[in-house]
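Here is a quick tour of one chain, going from its interior out to its charged pairs. Have the viewer open as you read.

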Amino acid sequence: MVSLAGGSLYVNVFIHIRLKKQDEEALEVCESAISEYPEMMECCLMTGEEDYFLRVLVPDIQTLETLILTRLTKIQGVENIRSSCALKQVRYKTALPIPESGMALNL
């Protein structure tokens, strides 16, 4: 769960989407649809068995069910959807691990 301003708790959900095919048109259709959903915090095109990895924040499991059943399953070309809810966030950071010496190339 994630705590936001105002004390509201949100469910942090990780969703894997696999497409029927991975051509340019299918990728564009999926990415365009996903970009319309305000719950989507992150979306990554992946290597491996799944095509997309999403991180979404929803207020409850019922909202997650609605998101999956009425929106994600309706995206043209989606073959499979798997989701997992985070029980707790062990670590989260935004600072990049840049060495003190900077990012210069050592040639």
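## Starting from Cys30

Cys30 is buried, with a relative accessible area of 0%. Bear in mind that this is a predicted model. The residue sits in helix α1, and if you skip everything up to four places away in sequence, its contacts are Leu19, Tyr52 and Ile75. Take Ile75: it is 45 residues away from Cys30 along the chain, yet the two C-alpha atoms are separated by 6.4 Å.

So how many disulfides does the structure hold? The count is 0. For Cys43, the closest cysteine sulfur is the one in Cys30, and at 6.6 Å that is too far for a bond, because a disulfide needs the two sulfur atoms within 2.5 Å. Unlike the buried Cys30, Cys43 is partly exposed, with a relative accessible area of 36%. Cys85 also counts as partly exposed, at 38% relative accessibility.

## The nonpolar core

The largest nonpolar core has 22 residues. Which of them touch the most other members? They are Ile15, Ile17, Leu19, Met40, Leu54, Leu72 and Ile75. As for secondary structure, β2, α1 (24-35), β4 and α2 are the elements that give two or more residues to this core.

Ile17 is a good one to click on. Leaving out neighbours within four places in sequence, its contacts include Ile34, Tyr52, Leu54, Leu72, Val78 and Ile81. Polar residues turn up on that list too, among them Glu50, Asp51 and Asn80.

## Helix α2, face and cap

Helix α2 covers residues 61-71, and its buried residues are Leu64, Leu67 and Ile68. Look down the axis and these buried residues fall within an arc of 90°, so they line one face of the helix. The spacing fits the usual geometry: an α-helix has 3.6 residues a turn, so residues three or four places apart point the same way.

At the N-terminal end of α2, the cap is Asp60. One of its side-chain oxygens lies 3.3 Å from the backbone nitrogen of Gln62.

## Charged pairs

Side chains of opposite charge can pair when their charged atoms come close. Searching the whole structure turns up 6 salt bridges. One of them joins Arg18 and Glu79, at 3.1 Å from N to O. This pair links distant parts of the chain, with Arg18 in strand β2 (residues 9-19) and Glu79 in strand β5 (residues 78-85), 61 residues apart. Both ends are partly exposed: Arg18 has a relative accessible area of 24%, and Glu79 has 46%. The pair also belongs to a network of salt bridges that links Arg18, Glu50, Glu79 and Arg82.

Another bridge runs between Glu42 and Arg55, whose closest N and O atoms are 2.8 Å apart. Here too distant parts of the chain are linked, Glu42 being in strand β3 (residues 40-45) and Arg55 in strand β4 (residues 52-58), 13 residues apart. Is each partner buried or partly exposed? Glu42 counts as partly exposed at 38% relative accessibility, whereas Arg55 counts as buried at 13%. Asp23 and Lys21 form a salt bridge as well, at 3.4 Å from N to O, and Asp23 is partly exposed, with 30% relative accessibility.

Key: Residues are numbered from 1 along each chain as its sequence is written. This is a predicted model: local features need pLDDT of at least 70, side-chain atom pairs count only at pLDDT 80 or more; totals for chains, interfaces and linings use all residues. Side-chain values use heavy atoms; hydrogens and water are left out. A salt bridge is a side-chain nitrogen of Lys or Arg within 4 Å of a carboxyl oxygen of Asp or Glu. Helices (H or I, at least four residues) and strands (E, at least two) are DSSP runs, numbered from the N terminus. Buried means under 20% relative accessible area, exposed over 50%, partly exposed in between (1.4 Å probe, protein chains only). The arc is that of the directions from the helix axis to the C-beta atoms. A polar contact is a pair of N or O atoms within 3.5 Å; within protein, one must be able to donate a hydrogen and the other to accept it, and residues adjacent in sequence count only if both atoms are side-chain atoms. A nonpolar core is a set of buried Ala, Val, Leu, Ile, Met, Phe, Trp, Tyr and Cys residues joined through side-chain atoms within 4.5 Å. Contact means heavy atoms within 4.5 Å.
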